[in-house]
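Good morning, and thank you for coming. I would ask you to keep the sequence and the model in view while I speak.

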Amino acid sequence: MAYIEPAPLKDKENPFEAMMSRFKVASEILGLEEEIYNVLKNPARQVIVSLPVTMDDGSIKVFEGYRVIHSTILGPSKGGIRFDPHVNLDEVKALAAWMTWKCAVVDIPYGGAKGGVTCNPREMSAGEIERLMRAYTQAMADVFGPDQDIPAPDMGTGPREMAWLMDQYSRNKGMTTHAVVTGKPLVMGGSLGRTEATGRGVMVSAMAAMEKLKINPYKATCAVQGFGNVGSWAARLLHERGLLVQAVSDLSGAYYNEKGMDIEKAVKYRDANKGSLDGFEGAQKISNEELLTLPVDLLVPAATEDVITSSNASNIKAKLIVEGANGPTSSRADNIINDKGIMVVPDILANAGGVTVSYFEWVQNRLGYKWTADRVNRRSDRIMKDAFNNVYKTSQEYKVPMRIAAYMVAIDKVSKTYKFRGGY
Ligand code: NAD
């Protein structure tokens with residue numbers, strides 16, 4: 001039966017279209033030749049697999065899994081695996097292309113990929129998830145490889161699933177192959193500093209942007225949407241650098257304190273409360289929508305996609321937006337934000353700290369040597385700072401927003417490499 005693309009959700013931007021609209025603008029400014037544009041537009045490889053898995057009750061359920069390799073022009077492809085009921089090929093395609101641009105922006109030698117399985121891990125036992133992950137890895141046996149395609153965790157997967165992936169791949173090869181996947185548990189080849197890496201990169205980008213905007217961090221206020229891995233680390237590290245974090249939020253709502261939130265207390269509360277801030281005291285409860293429009297200097301959307309849209313962009317009062325999440329700003333909101341003179345450090349730059357330290361994990365695995373947390377942090381901070389400066393310089397030179405500049409830097413690097421490598 002032919003594969004049918006699911007229609008994008010109503011009122012939601014199709015993620016592939018959102019990415020493509022920015023890619024197109026940046027390509028036009030760069031004067032990219034049409035044939036090169038066509039090469040970069042199309043994913044290099046799309047794999048769809050059916051995964052029969054024996055469930056705990058003895059029944060056999062068939063899951064659909066995907067792996068999209070967008071590009072291997074800069075090196076082996078890199079990208080996470082998502083276990084979620086909403087996973088579909090269109091989303092995986094967009095996320096794979098995003099990875100190509102993200103790796104190119106921070107100048108690490110990877111192409112872009114993404115994978116996913118349409119499933120609901122919250123309704124599955126650990127055993128069922130393990131069998132599904134092993135079945136997926138087995139089906140991707142000729143796709144994955146330390147020099148080919150290196151997966152990592154994404155929504156619904158974590159170190160536990162990466163350990164199963166590494167084990168299954170290693171059994172096939174008959175040898176332990178740490179470097180086939182990143183985001184592994186620390187005891188089996190994971191890197192120090194990976195947990196906080198994305199939030200740390202958000203902080204480094206925010207500090208660099210504030211320097212350009214002449215915002216004194218010790219006098220600056222900030223709001224962070226999302227209090228998971230990225231949001232809570234960004235909030236904690238921004239607070240450490242002197243900012244007053246006035247609001248944080250999660251799915252339970254937003255929490256505001258004009259005098260500043262106690263971030264350590266909020267982290268402890270969340271960890272003792274099944275990952276939720278629900279019931280957190282010492283702050284006024286506001287809505288997530290209100291958090292986005294607070295009169296703060298810095299806004300960090302670090303929850304999910306499409307939260308800044310054409311319907312709320314005109315109400316945003318922050319001077320600077322640093323995108324911790326992937327795709328938090330819809331392409332229709334871009335113009336409104338730009339017209340207001342708000343600087344946006346885009347996702348493909350701001351949240352690239354995660355993939356940078358994943359790259360370090362792969363480097364350490366190949367060296368067979370473990371770096372200290374200090375070395376990891378110093379090197380990733382330098383990569384993030386250099387990438388920020390490079391994008392900022394391009395944005396000044398071409399008088400374009402930082403988002404378009406980031407795409408330009410990435411497209412320029414990938415297209416030049418493509419030309420050097422040559423085609424058929
Ligand atoms: P997470 O699951 O740890 O945390 C997500 C947080 O956002 C939770 O606090 C959740 O309650 C909250 N949330 C979800 N929907 C929300 C909504 N509509 N309004 C307010 N809060 C909401 O996820 P994470 O790893 O922190 O990832 C967050 C974002 O950052 C995602 O877009 C992810 O793709 C992106 N990202 C993550 C990494 C990483 O290393 N973890 C790297 C790059 C990009």
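Let me begin with Arg-82, which is found in strand S3. Please bear in mind throughout that this is a predicted model. Is Arg-82 buried or exposed? Its relative accessibility is 9%, and the limit for a buried residue is under 20%, so Arg-82 counts as buried. Its side chain makes a polar contact of 3.5 Å with the side chain of Glu-91. If we set aside neighbours within four places in sequence, Arg-82 is in contact with Val-87, Glu-91, Leu-95, Gly-115, Gly-116, Val-117, Asp-154 and Met-155.

Strand S3, residues 77-84, also brings us to helix H5, since the buried residues of H5 pack against S3. They pack against helix H4 (126-139) and strand S5 (149-153) as well. Which residues of H5 are buried? They are Glu-161, Met-162, Ala-163, Trp-164, Leu-165, Met-166, Gln-168, Tyr-169 and Ser-170. The helix itself covers residues 159-173, which is 15 residues, and reaches 21 Å from its first C-alpha to its last, close to the 21 Å expected at 1.5 Å a residue. After H5 comes Gly-174, with a positive phi near 75°.

I turn next to Thr-100, placed in helix H3, residues 89-105. With a relative accessibility of 1%, Thr-100 counts as buried. What does its side chain reach? One polar contact, at 2.7 Å, joins it to the side chain of His-70. The side chain of Thr-100 also reaches the backbone nitrogen of Gly-112, at 3.3 Å. Neighbours within four places in sequence aside, the residues in contact with Thr-100 are His-70, Ser-71, Gly-111, Gly-112 and Val-414.

Now to the aromatic residues. How many aromatic pairs does the structure hold? There are 11. In one of them, the rings of Phe-360 and Trp-371 have centres 5.3 Å apart and planes at 55°, so this pair is tilted. Phe-360 belongs to helix H12 (residues 353-367), while Trp-371 is in the loop between H12 and helix H13 (373-398); the pair therefore ties together parts 11 residues apart in sequence. Phe-360 and Trp-371 are both buried.

A second pair is formed by Phe-388 and Tyr-392, whose ring centres are 6.0 Å apart. Why is this pair described as stacked? The planes of the two rings are at 10°, and planes under 30 degrees apart count as stacked, so the pair of Phe-388 and Tyr-392 is stacked. Both residues lie in helix H13, 4 residues apart, about one turn of the helix. An α-helix has 3.6 residues a turn, so residues three or four places apart point the same way. Phe-388 and Tyr-392 are both buried.

Ring pairs also build a cluster, which links Tyr-110, Tyr-359, Phe-360, Trp-362 and Trp-371. Trp-371 has a charged partner too: Arg-379 lies over its face, at 4.7 Å from the ring centre. In a further case, Arg-236 lies over the face of Trp-233, at 4.2 Å from the ring centre.

I close with the cysteines. A search of the whole structure for disulfides finds 0. Cys-119, at 5% relative accessibility, counts as buried, and Cys-222, at 0%, counts as buried too.

Thank you; I would be glad to take questions.

Conventions
Residues numbered from 1 in each chain as written. Predicted model: local features only at pLDDT ≥ 70, side-chain atom pairs only at ≥ 80, totals over all residues. Heavy atoms only, no water. Phe/Tyr/Trp six-rings, centres within 6.5 Å; stacked < 30°, edge-to-face > 60°. Helix = DSSP H or I, 4+ residues; strand = E, 2+ residues; numbered from the N terminus. Buried < 20%, exposed > 50% of the residue type's maximum accessible area, 1.4 Å probe, protein only. Lys NZ or Arg CZ within 6 Å of the ring centre and 35° of its normal. Polar contact = N/O pair within 3.5 Å; in protein donor to acceptor, adjacent residues only side chain to side chain. Contact = heavy atoms within 4.5 Å. Disulfide = S-S within 2.5 Å. Expected span 1.5 Å × (residues − 1).
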